[in-house]
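Trainee: Got a minute to go through this one with me? I'd like to talk it over while we look at it.

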Amino acid sequence: MNWSEFLAMGGYGLYVWGSYAAAALVLVFNVVSARGREKSVRRQLQDLARYGRASDE
Amino acid sequence: MGHGGGIAHIARLTALFQFLHKYASPRYFYGFAGRLIPWLAGLTALLLGWGLYQGLFVAPPDYQQGESVRIMFIHVPAAWMSMFVYMVLAGAGAVGLIWNLKLAEMTATACAPIGASFTFLALVTGSLWGKPMWGTWWAWDARLTSELILFFLYLGFMALQAAIDDTKRAARAGALLALVGVVNIPIIHFSVQWWNTLHQPASLSAINKIGAPAIHPSLLVPLLVMAVAFTVFFATVLLMRLRAEILHRERYTTWVTELVKP
Amino acid sequence: MSGSLTGAFLCVLRRDLLLAARKPADVATPLVFFAIVASLFPLGVSPEPAILRTLAPGVLWVAALLATMLSLNRLFAADHADGTLELLALSPQPLAALAAAKTLAHWLTTGLPLVLLSPLLATQLYLPQEAFGALLLGLLLGTPVLSLIGAVGAALTLGLRGGGVLLSLLVLPLYTPILIFGAGAVTAAAAGLDPEAYLSLLGAFLAVALGFAPWATAAALRISLD
């Protein structure tokens, strides 16, 4: 397995790896964003418990 | 005989409704989703691994496009997902609108950012695929233009829901907008397709053929595996988002307040 | 006051037309906007007839689109503010019919004037004479569709903050087919080809919109008013 050839992708390296990197970023973003949403909801629930409905949006 | 058949029928329908009612209750679904997520995440990882192996190592380079054909294994599944998620969004919205099901409403809302991100990925990879092929970072070809408009439809849906404070109104307005969108998507697709063939000089039509190569069987496997991988991924993230939505929407109930107690 | 459907329809139509007549600025502003946008292109691109001639179909249609969109706010805003809209929703007559009446009034005071002004702007953009017919007929068929689809958007965004811009974001993607075939008709006619296919499609869009949009607008109004 010739690694330098693999990375170069016949001259299209930037485009191919760029695409796979973009895919990785999108997948990671989705997970992080979903986790972030849960975190902020939980934070909101803590506020609700502590300060009651006045703290609600 | 007629009565017996009728009663069995009703019994089956009742069982079905009870089943759906149980699963559609936010509280039950929260737990159910929580148990399901790790399995789906594992399955996603396996499928992605297999798809990447197929796409990057097993599939041969294309006669015309060389190694850049590997971009197709990301671009095409992403484009398929962008459409699929929109259908799920619109379907869930319709169910929520017709049967007043909170879980369906929450599903539509949760789908939107995921679908928009797949559309974005399709656009980015479309651009990266196009640059070596067409020489430009962007081309107004039919598929990319349709994807762009779909992206705007997603953004519009999210913007509308963000602008409405009342949860119920936001859900129902979004659902109606999504249904209007679904009806319009074939029309938009047809129009853009037609517009594209009209304005294409002969050289571009040759390029369009490059954009849609005849799918060689060895290319089909990574394509389908990645498509399934993305779908399972979508299911995983959807369930994650749904759990957060459920907590938010049910924040005044006892079971949620008990759940969050430190 | 007539209790029939046509009676109610005409009543709402007449009322909206009367209100529009009392506020000529509301009618004139989209027209002026139409003219301004069309003149931005020579300023921004080039005053050369050859270039403007090719741009003209698209520029005229985009300008008409934008002008229609900017005027959509006033479709329901005033009636929503003073409670008339809720009364209309409570009426025994189908809300879809009343929404259709308001949409018709909107088109008569926005779309139709755009159609009438378009030849003047087309001349400024050096559109060939052969294309004028396609332009007029296309706009005549297309602007009602813009009003009909726009009404759904206006109903969904009733009373929301950021209303106007949000409405544009929602509605512009849906306008693209009308833009493609409307401008396509003019371009074809300018090139000496027959615009019949494009115009027929616009007619089909109008038929579908007439059947679908008032009902969707009514549903959207009920969602927004509840």
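Trainee: What share of chain C is buried?
Mentor: Of its 226 residues, 49% are buried. Keep in mind that this is a predicted model.

Trainee: OK. How many helices and strands does chain C have?
Mentor: Chain C has 10 helices and 0 strands. Reading from the N terminus, the elements go α-α-α-α-α-α-α-α-α-α.

Trainee: And how does the radius of gyration of chain C sit against the globule rule?
Mentor: Chain C has a radius of gyration of 18 Å, and the globule rule gives 17 Å for 226 residues. Those two are close, so chain C is as compact as a globular protein of that length.

Trainee: What box do the C-alpha atoms of chain C fill?
Mentor: Roughly 55 × 30 × 30 Å, taken along the principal axes.

Trainee: What about contacts, how much of chain C's total comes from residues 24 or more positions apart?
Mentor: They account for 80% of the contacts with a separation of 6 or more.

Trainee: Let's zoom in on one residue. Where is C:Leu139?
Mentor: C:Leu139 is in helix 8 of chain C, which covers residues 132-156.

Trainee: Buried or exposed?
Mentor: C:Leu139 counts as buried, because it has 25 C-beta neighbours inside 10 Å. The cut-off for buried is 20 or more.

Trainee: Which residues does C:Leu139 contact, leaving aside its neighbours within four places in sequence?
Mentor: C:Ala64, C:Leu114, C:Val115, C:Ser118 and C:Gly182. You can also look at C:Leu65: it is 74 residues from C:Leu139 along the chain, and their C-alpha atoms are separated by 10.0 Å.

Trainee: Switching to the whole assembly, which pair of chains has the most contacts?
Mentor: Chains A and B, among the 2 pairs that touch. Chains A and C do not touch, and their nearest C-alpha atoms are 16 Å apart.

Trainee: Say I want to look at helix 2 of chain A and helix 4 of chain B. At what angle do their axes cross?
Mentor: Roughly 170°, with the axes coming within 9 Å. Helix 2 is residues 13-51 of chain A, and helix 4 is residues 102-134 of chain B. That crossing makes the two helices roughly antiparallel.

Trainee: Which residues meet there?
Mentor: From helix 2 of chain A, they include A:Tyr15, A:Ala22, A:Val26 and A:Phe29. Helix 4 of chain B brings, among them, B:Ile114, B:Phe120, B:Leu121 and B:Trp129.

Trainee: And by class, what's in the contact of those two helices?
Mentor: Between helix 2 of chain A and helix 4 of chain B there are 13 nonpolar, 6 polar and 1 charged residues.

Technical notes
Residues numbered from 1 in each chain as written. Chains lettered and ligands numbered in written order. Predicted model: local features only at pLDDT ≥ 70, side-chain atom pairs only at ≥ 80, totals over all residues. Helix = DSSP H or I, 4+ residues; strand = E, 2+ residues; numbered from the N terminus. Rg over C-alpha atoms; globule rule 2.2 N^0.38 Å. Buried ≥ 20, exposed ≤ 12 C-beta atoms within 10 Å, placed from the backbone. Contact = placed C-beta atoms within 7 Å. Axes fitted to C-alpha atoms, helices over the stretch in contact; angles between N-to-C directions. Parallel < 35°, antiparallel > 145°, perpendicular 65-115°, else oblique. Nonpolar A, V, L, I, M, F, W, Y, C, P; charged D, E, K, R; others polar.
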